[in-house]
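Please keep the sequence and the model side by side while you read, and pause at each place that is named. The walk goes from a strand to the domains, and then to the metal sites and the aromatic rings.

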Amino acid sequence: MIRASVVVGILTSVVVAILVAVVLVDASDPAEPISADTPAVEPLAIPPLLEPTIENGVSHYGLTIGTSQHVYKQIRITDTYSYNGMSVLGPTLRLRTGDSVVISVTNELDETTTTHWHGADVPAEDDGGPHSTIAPGTTWVADFDVIQPAATLWYHPHAHGSTAEHVYRGAAGLIIIEDDNAAVTTLPATYGVDDIPVIIQDRDFTQDGQLDFAIDDGEEGNLYSTLTVNGTIDPYVEVPEGLVRLRLLNGSQARIYRLSVEDASMTKIASDGGYLVGPVVLEQLVLAPGDRAEIIVDVGMESAALVDSVFGRVLELRPSGSASGTGILPDKLATIEPISESEITVDRSFHMGDVRNFWEFDASWAINGVQFDMSRIDVSVQIGDTERWTLSSDDGQHVFHPHQIQFQILAINGEPPPPEESGWEDSVLVNADREVVIAARFNSYAAEDIPYMFHCHILDHEDLGMMGQFLIVE
Ligand code: C2O
Ligand code: CU
Ligand code: CU
């Protein structure tokens, strides 16, 4: 027997669900895609490089997170979060393999936050996850050696329950690691000239020009209708003719981009964790939240454009007419020692799914049936082990991201990955039609009581509990 109140509850739920669905469809798609045929008007903002002070061979960087204001749309002034007083986003940190760095992060917001180095191979206490809270008015110091190869990483807040909002309001920045890899010295590498940071984020604005933020507990997370690149809407960047490197970061809350290049070729040279073995020419690049990719575009005498399948033009690459770039694309970029079956000592499975109680619209996303609990350790890994993790999903689309490690993809639906997904990764798309097997060597740092996170990088899902903790122990 079903009680009348339950029936009313169900009917109300259905009506609410339909209304929510209608509103979402309207809100999440851009009015119309931007055509690449007319020139873009706004110059791309390039986040400045943060200069360190060097004391006794240690590079000291200072970041301060606070509120700011940014002009996204002409005339309107939008309240934002940022680092170091920028109107939005934060400066780019450029580090070198072998560097010893100290980064102090001061919180001038009136709420607690953290700052996490996404993709970085650092000790747990320096990782900036939800345990490393920075109370308002205080400073947290991360202190580590750069022990990983050249890569494009990023930093962003990671306080549990407010990660999506803090990132959405504008707190995020790039980290570029360089190294002595002689194979890549002919690639374009002049920051802001032929080596361009491209932080892609979608946003919605209220009538009075303020950022419109919401968490969506649905399968896709919250999608917004205006695209921004480094905080600029529909930008162009002037570049020399010849090879141009774009360091792409999907810093969005939930949106997955399908990117291509019009009027030039697109060659992927690096994934999340660094250079691929060799360049891979691509028609389309899928960039999920948290993902990075470095691509080379060979710009000719006419503008080329980075284009998304939904938004149209993302960025116009406009030849400046200045002397052509000096870059040359080598055949071989890096050596990656494949993780072999015989190295693997432990197997684990991570199933991403929905544990929602549908009658009450309860929260929702979980890994292996459990939601995030800061006091529970989900996995303990022995330092020195190589593990194989099988990632699967029922509902929705997810981006599995473990902290600390860069992994290799062994299989996607039982098949070896394509060349563009055969490098080092720290974030990977998983859904009901895409089961992914990854492997990683856990050989950097152990800590008895400070865990690293693994979670979905669709930030709505993460904040709603799709996160767990692993320890690396002696
Ligand atoms: Cu991009 Cu747990 O982080
Ligand atoms: Cu991370
Ligand atoms: Cu998810």
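Helices (H or I, at least four residues) and strands (E, at least two) are DSSP runs, numbered from the N terminus. With that in mind, Leu249 can be placed in strand S14, which covers residues 242–250. This is a predicted model, in which local features need pLDDT of at least 70 and side-chain atom pairs count only at pLDDT 80 or more, while totals for chains, interfaces and linings use all residues. Residues are numbered from 1 along each chain as its sequence is written, chains are lettered from A and ligands numbered from 1 in the order in which they are written, and side-chain values use heavy atoms, with hydrogens and water left out.

Is Leu249 buried or exposed? A residue is called buried under 20% relative accessible area, exposed over 50% and partly exposed in between, using a 1.4 Å probe and protein chains only. Leu249 has a relative accessible area of 0% and is therefore buried. Contact means heavy atoms within 4.5 Å, and, leaving aside neighbours within four places in sequence, Leu249 is in contact with residues including Trp154, Leu174, Val198 and Leu287. The C-alpha atoms of Leu249 and Asn230, which are 19 residues apart along the chain, are separated by 9.8 Å.

The chain as a whole is divided into domain 1 (42–179), domain 2 (195–323) and domain 3 (341–473), with bounds that come from an automatic or database domain assignment. The C-alpha centres of domain 1 and domain 2 lie 20 Å apart, and the contact between these two takes 31 residues from domain 1 and 41 residues from domain 2.

Strand S6 (residues 100–107) is a good place to see how strands lie beside one another. Two strands pair if DSSP finds at least two bridges between them. Strand S3 (residues 58–70) pairs with S6 in the parallel sense over eight bridges, and Val58 has Ser100 as its bridge partner in S6. Strand S8 (residues 139–145) pairs with S6 in the antiparallel sense over seven bridges, and here Val101 has Phe144 as its bridge partner in S8. Six of the eight residues of S6 are buried, so this strand is largely enclosed by the rest of the structure.

Turn next to the metal sites. Which residues coordinate the copper ion that is ligand 2? Donors are N, O and S atoms within 2.8 Å of the metal (3.2 Å for Na, K and Ca), and since water is not among the atoms, sites may look incomplete. The copper ion (ligand 2) is coordinated by His116 (NE2) and His401 (NE2), at 1.9 to 2.0 Å. His116 lies in strand S7 (residues 116–118) and His401 in strand S26 (residues 397–402), so this pair ties together parts that are 285 residues apart in sequence. His116 is buried, with a relative accessible area of 1%, and His401 is buried too, with a value of 0%.

The copper ion (ligand 3) is coordinated by His398 (ND1), Cys456 (SG) and His461 (ND1), at 2.0 to 2.2 Å. Of these donors, His398 in strand S26 and His461 in helix H3 (residues 459–463) are 63 residues apart, and the pair links distant parts of the chain. His398 counts as buried at 0% relative accessibility, and His461 likewise counts as buried at 0%.

Aromatic rings offer another view. Rings of Phe, Tyr and Trp (its six-membered ring) pair if their centres lie within 6.5 Å; planes under 30 degrees apart count as stacked, over 60 as edge-to-face and the rest as tilted. The count by this rule comes to 18 aromatic pairs. In one of them, the rings of Phe350 and Phe454 have centres 5.0 Å apart and planes at 70 degrees, so the pair is edge-to-face. Phe350 in strand S22 (residues 346–354) and Phe454 in strand S30 (residues 452–456) are 104 residues apart, and the pair links distant parts of the chain. Phe350 is buried at 2%, and Phe454 also counts as buried at 2% relative accessibility. Ring pairs link these two residues with Trp389, Phe400, Phe442, Tyr452 and Phe470 into a cluster.
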